[in-house]
Amino acid sequence: MATLTATPDFQTFLDDHLDRDLLRFTTAGSVDDGKSTLIGRLLHDTKSVYEDQLIAVQNSKVNRAGDNKAGGKRIDLSLLTDGLRAEREQGITIDVAYRYFATSKRKFIIADTPGHEQYTRNMATGASTADVAIVLIDGSKGLLPQSRRHTFIASLLAIPHVVAAVNKMDLVGYSEARFREIEADFLALTQKLGIKNVTMIPVSALEGDNVVNHLDNTPWYKGPTLLDYLETVPVHVEDNSLPLRFPVQLVQRPDRTFRGFSGTIASGTVHAGQHVVALPSGKRTTVKRIVTYDGDLRAAIAGQSVTLELADEIDLSRGEMLIAPDAQNFSIPHTGTRFSAKVVWMHERPLSPGQVYLVKHTTRTVRATASKIAFRVDVNTLEHSNAADISLNEIAEVEFTTTLPLFFDAYRTNRITGAFILIDPITNATVGAGMIDRALEENTEDTATTHLFAYLPGEPSLAFHVTHELANAGHNAILLDDAHITHLPSAIRAANLAGAIAVSSKALSAEDLASLRTWATIPTLDTAKSASHLAARLFEEEKA
């Protein structure tokens, strides 16, 4: 059988393609700002659209582009990214659409995010890994509340570079005065939000002005086109200059002669012979080898996945971290169990103080209690207000207390070690995303956690309705009447550790009941009362 081998020219092409930088950028805009059309224009003018895709778009029943100057039918470029049927019918973006394209200078991944307030969680998800945020502003309407909201979210996610693409310049006659007016408003907003790297570009996605090519309609604009900017903006420079953060993901022990620690470098650089410190033990050692599938490296930078072999046998496991010792204060991450963070809530069930979640931070997963909601942020006005809970798509400052220490930095300093996700311990659903603002003073007092067990022997219907009443009132409750539960006391303890009120109608022995009373509060419940009355009785016990 003949073996296929790559020709030298093709191999050169592959090597060149793999060596190009990768830039991730996100787009956000209000309804009808032309966001999807702008991305379609980028793809079309860089010849990144297959011919059959263009034919499909041309033949689409939905076409909002109208006629071109020659009287022919335009291609509705927005349909290249609005992939869902609901999006095409409504002319809006609902979910995050990822698109890939490449030029001779760089590779790109676009996250086309929805602009509507009810899809804030989608935008936060799509923009979380972006290097550049493109905020679309309608030149005929100016800076709208939605534009301010998108810029605020970009600042919240600490996206390094923000571009304001002032679109639909064709509708305002390519007026320089109008562009300068919007520029002044936007720069004032970004200064207030603390965004440092800001660029303004006048474009017309419909006509193609300043997207990929310079046309003759804006002779007063001397800056780069949008594509020129994306091809030349610095990427990941700051990540390499930050202190070393190496969260351990896996301990490799293929045989007795090798013990390595695998993971992705979150920030900084590491090289063979470098002194490192293990957290939380504080043990010092030296990097003996940097091992990869393709062979050993002399040095590795942020974003690379490597295995580090250390000179000494030290106790280090998944979730712990290697850092570089340094005299500068910021080189050492915070180690603690209390912190305050901005949270984007992503679940229908609200977050409220006292609830317990799993916090997934770098490679460590721990239990955490939402101890306090400091304030809610109005994403349109940026005003702060008091809040008893956080609903879907809302953003708030929340204080957390974890069961085990985390090794973290402020999110604005380090986007990897300052970020985390919140997971419901019962359903395993991702319910929120957080960006750490600061460490809080550790609580030295031992605080007892109330474990509750609603014991309703022989009353399965009542137990079901009590669980339902608790859930409706916003409490985490779980019914433990499943026939597959072989050891009820263990299930009760597991539910309590997950922050839930355990409810069961299954009978327990006197011995098991006595043992459980040393663990949980088991209030006396009158089964003649209604489920709502019993739920209220449990509320009182929880407060007590």
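L382 sits in the loop that links β18 to β19 (384–385). In this predicted model, L382 has a positive phi of about 65° although it is not a glycine. That is worth a second look, because most residues other than glycine have a negative phi. L382 counts as buried because its relative accessible area of 17% falls under the 20% cut-off.

Follow the chain back through β18 and you reach another loop, the one between β17 (356–361) and β18 (364–377), where T363 is placed. Its neighbour in this loop, T362, lies between β17 and β18 as well. T362 also has a positive phi, near 45°, and is not a glycine. Is T362 buried or exposed? At 19% relative accessibility, T362 counts as buried, because the cut-off for burial is under 20%.

Now turn to T363, which is buried too, with a relative accessible area of 14%. What does T363 touch beyond its neighbours within four places in sequence? The contacts are P247, V248, Q249, R318 and G319. With one of these residues there is a polar atom pair to look at: a polar atom of the T363 side chain lies 2.8 Å from the backbone oxygen of V248.

Another threonine makes a good next stop. T285 belongs to strand β12, which covers residues 284–291, and T285 is buried at a relative accessible area of 3%. Setting aside residues up to four places away in sequence, T285 touches Q274, H275, V276, L310, A311, D312 and I314. Look at D312 in particular: its side chain and that of T285 are joined by a polar contact of 2.8 Å. You can also trace the distance from T285 to E313, which is 28 residues away along the chain; their C-alpha atoms are separated by 8.7 Å.

Just ahead of β12 comes the loop that follows β11 (275–279), and P280 lies in it. Here the backbone offers another detail, as the peptide bond joining L279 and P280 is cis, with omega at about 10°. In general, most peptide bonds are trans.

Finally, step back to the whole chain. The protein chain has 13 helices and 25 strands, and buried residues make up 49% of its 544 residues. Among contacts between residues at least 6 apart in sequence, 68% join residues at least 24 apart. As for the surface, the chain exposes about 26,600 Å², of which carbon and sulfur atoms supply 51%.

Technical notes: Residues are numbered from 1 along each chain as its sequence is written. This is a predicted model: local features need pLDDT of at least 70, side-chain atom pairs count only at pLDDT 80 or more; totals for chains, interfaces and linings use all residues. Side-chain values use heavy atoms; hydrogens and water are left out. Helices (H or I, at least four residues) and strands (E, at least two) are DSSP runs, numbered from the N terminus. Buried means under 20% relative accessible area, exposed over 50%, partly exposed in between (1.4 Å probe, protein chains only). Contact means heavy atoms within 4.5 Å. Accessible areas come from the Shrake-Rupley method with a 1.4 Å probe; for residues, only the protein chains shown count as cover. A polar contact is a pair of N or O atoms within 3.5 Å; within protein, one must be able to donate a hydrogen and the other to accept it, and residues adjacent in sequence count only if both atoms are side-chain atoms.
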